[in-house]
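Student: I should like a close look at a single part of this model. Please describe one helix and the packing around it in a connected account.

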Amino acid sequence: MQGFQWHCSGELASLQLSPSALSCSLTSTSTSLSIDGAETAEDKIQRLISEHPVIIFSRSACCMCHAMKKLLATIGVNPTVIELDDDEIPALPSPPDPTTSQAVYRASPPPAIFIGGSWIGGLESLVSLHLSGHLVPKLVEVGALWV
């Protein structure tokens, strides 16, 4: 992996995930992240999904990613946002194909949102979840929103 852009709670951090340069710096505060240089891109993404209640895998200058972030901000949720490079997108997990009994995975281009470690989907899935009234309870359940 070349690196991530990590936006969280109005702070911007740049994570250099290459084995030779493992660092993390926040613009307003500093934090230490345990990053194993031997991790694969898939392992790093899985670890990030498990560590954050709401995480969006995004691309810079993506209007759907922006709309997803705005929807969550309107509700009062500050998701962790990871901006992926083009070569990192294939490492994103996606759900099994429901038409088969095997774990055949489909590519899922950003934006991709995970809530409580579960794949939700893209913007359309998030809006559908919100309009059906299931988004807020799900966010409360994972501790990303207090009501």
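**Helix α3 and the core it joins**

Tutor: The model is a predicted one, and the account below starts from helix α3, which spans 123–131. The buried residues of this helix are L123, L126 and L129. Viewed down the axis of α3, these buried residues fall within an arc of 130°, so they line one face of the helix. An α-helix has 3.6 residues a turn, so residues three or four places apart point the same way. On the other side of α3, E124 and L131 are exposed. The cover over the buried residues of α3 includes α2, β6, β7 (118–121) and α4. Just after the helix, G133 adopts a positive phi of about 85°.

The surroundings of α3 lead to the largest nonpolar core, which has 17 residues. Within this core, V54, L72, I113 and L139 have the most contacts. At least two of its residues come from each of β4 (54–58), α2 (63–75), β6, α3 and α4 (135–141). L139 illustrates the packing: leaving aside neighbours within four places in sequence, L139 is in contact with V54, L72, I75, V77, I115, A144 and L145. Apart from this core lies another, of twelve residues, including L48, I49, L84 and L92.

One further residue deserves mention. P93 lies in the loop between β5 (80–83) and β6 (112–115), and P93 is buried, because its relative accessible area of 19% is under the 20% cut-off. Not counting residues up to four places away in sequence, P93 touches I45, Q46, I49, F114 and W119. P93 and Q46 are 47 residues apart in sequence, yet their C-alpha atoms are 7.9 Å apart in space.

Key:
Residues are numbered from 1 along each chain as its sequence is written. This is a predicted model: local features need pLDDT of at least 70, side-chain atom pairs count only at pLDDT 80 or more; totals for chains, interfaces and linings use all residues. Side-chain values use heavy atoms; hydrogens and water are left out. Helices (H or I, at least four residues) and strands (E, at least two) are DSSP runs, numbered from the N terminus. Buried means under 20% relative accessible area, exposed over 50%, partly exposed in between (1.4 Å probe, protein chains only). Contact means heavy atoms within 4.5 Å. A nonpolar core is a set of buried Ala, Val, Leu, Ile, Met, Phe, Trp, Tyr and Cys residues joined through side-chain atoms within 4.5 Å. The arc is that of the directions from the helix axis to the C-beta atoms.
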